Amino acid sequence: MITRDRAVHGAASALLGIERAARMGGYSLRVESLRRVDPHTVAEAFATLARQCVAGVITAASLPPTALLRLPAGMPVVAIQSDAAGVIPAIVVDQAAGARAAVAHLLGLGHEQVWHVAGANDWPETHSRVAGWRAAHRAFRRPAPPMLEGDWSARSGYAAGLSLARRRTVTAVFAASDQMALGVLRAFAERGIRVPEDVSVVGFDDIPEAAYLHPPLTTIRQNHDEVGRRCVTALLELFAVTHHAGLIGQEPDGTLRPRLVLRDTTTRAGNG
């Protein structure tokens, strides 16, 4: 597996899901972590794995298609997320649909607009979730407010939360990760802003701690075990063919759709 940031919950959970699925299929997992994502480091990672005679590779590093054009000959490769779709087989989680569900939930509760704390700019998941946030506003015929930039960390969520706390018109926030939502909640608590009475908050990922925050966090859940199962299944299918060019663009078993998990950080607008 090629990944780039095991500290981010989504990447770490995908790794665990793939490891479990590989073990059930009789394989062990070797992980190559990238310092940065560019054609040189990607080529180095593939070369390292090729020297170790691995049976196949799963990329979870959001690799651009240009970095995947010169793969080692005969190496089966499956990607997580859609940047590589059309170049190699990809297991796709509909990030935009998850964001739309989060924002539609808040707008459906009567909030006029939903502020968004976005993830790191160089991740495709960030742009998909931003697109879903904007699409939900268009569907409700509401103007989207300015976007706040984060980096997936609780620290960046805290900084965004302090900025939002100064805007007395804010009633709803969608954070692109639960870690950033945690930071938002901390900032609001320090500024005397009640959640959900004053501001409703939704996260993304459903980290294990989300259900135990105070209050428990409403969020979007991705099924990382299912991602792992489909990745390993797709690789096992590729092992049986000599060339995988004929499988370009396929999405094994379809696209996965995240789901909204309702807890206690959202309520109807004006309920405070």
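In the predicted model, strand S6 (residues 115–118) is covered on both of its faces. Trp115 and Val117 lie on one side of the strand, His116 and Ala118 lie on the other, and all of these residues are buried. The strand has pairing partners in strand S8 (residues 172–175) and in strand S7 (residues 148–149). S6 and S8 run parallel and are joined by three bridges, with His116 having Phe174 as its bridge partner in S8. The pairing of S6 with S7 is likewise in the parallel sense and extends over two bridges. On this side, Val117 stands opposite Leu148, and the bridge partner of Ala118 in S7 is Glu149.

These pairings belong to an open sheet of four strands, in which the order is S7-S6-S8-S9 and the pairing is parallel. S7 and S9 form the edges of this sheet, each of them pairing on one side only. Helix H3 (residues 95–108) packs on the sheet and touches S8 and S9. The direction of H3 makes an angle of about 170° with that of S8. A further helix, H4 (residues 124–139), takes part in a right-handed β-α-β unit together with S6 and S7.

Within S6, Ala118 was examined in greater detail. Its relative accessibility is 2%, a value below the 20% limit for a buried residue, and Ala118 therefore counts as buried. Apart from neighbours within four places in sequence, Ala118 is in contact with Thr126, Val130, Met147, Leu148, Glu149, Gly150, Asp151, Ala176 and Met180. Among these contacts, Leu148 and Glu149 are the residues of S7. The C-alpha atoms of Ala118 and Trp133 are 9.8 Å apart in space, the two residues being separated by 15 residues in sequence.

A second buried position is Thr265, with a relative accessibility of 0%. This residue is found in the segment after S11. Leaving aside neighbours within four places in sequence, the residues in contact with Thr265 are Val195, Pro196, Val199, Ser200, Val201, Pro215, Pro216, Leu217 and Thr218. For Thr218, a polar interaction can be specified: a polar atom of the Thr265 side chain lies 2.9 Å from the backbone nitrogen of Thr218.

The model contains 10 salt bridges. One of them is formed by the side chains of Asp225 and Arg20, with an N to O distance of 2.5 Å. Asp225 lies in helix H7 (residues 224–239) and Arg20 in helix H1 (residues 9–24), so this pair ties together parts of the chain that are 205 residues apart in sequence. Both participants are partly exposed, the relative accessible area being 42% for Asp225 and the relative accessibility 39% for Arg20.

A salt bridge is also present between Asp206 and Arg263, where the closest N and O atoms are 3.0 Å apart. This pair, too, links distant parts of the chain, the two residues being 57 residues apart. Asp206 is located in the loop between strand S9 (200–202) and strand S10 (219–221), whereas Arg263 is located in the segment after strand S11 (259–261). Asp206 has a relative accessibility of 13% and counts as buried. The segment after S11 thus holds both Arg263 and Thr265.

The side chains of Glu190 and Arg186 meet in a salt bridge with an N to O distance of 2.7 Å. Because Glu190 and Arg186 are four residues apart in helix H6 (residues 178–190), about one helical turn separates them. Glu190 is partly exposed, at 36% relative accessibility. Glu190 and Arg186 are further linked with Arg191 in a network of salt bridges.

At the level of the whole protein chain, the model comprises seven helices and 11 strands. Of its 272 residues, 53% count as buried. Among contacts with a separation of 6 or more, 72% are accounted for by residues 24 or more positions apart.

Key
Residues are numbered from 1 along each chain as its sequence is written. This is a predicted model: local features need pLDDT of at least 70, side-chain atom pairs count only at pLDDT 80 or more; totals for chains, interfaces and linings use all residues. Side-chain values use heavy atoms; hydrogens and water are left out. A salt bridge is a side-chain nitrogen of Lys or Arg within 4 Å of a carboxyl oxygen of Asp or Glu. Buried means under 20% relative accessible area, exposed over 50%, partly exposed in between (1.4 Å probe, protein chains only). Two strands pair if DSSP finds at least two bridges between them. A crossover is right-handed if, with the strands pointing away from the viewer, the path from the first strand over the helix to the second runs clockwise. Contact means heavy atoms within 4.5 Å. Axes are lines fitted to C-alpha atoms, for helices over the stretch in contact, and angles run from 0 to 180 degrees between N-to-C directions. A polar contact is a pair of N or O atoms within 3.5 Å; within protein, one must be able to donate a hydrogen and the other to accept it, and residues adjacent in sequence count only if both atoms are side-chain atoms.
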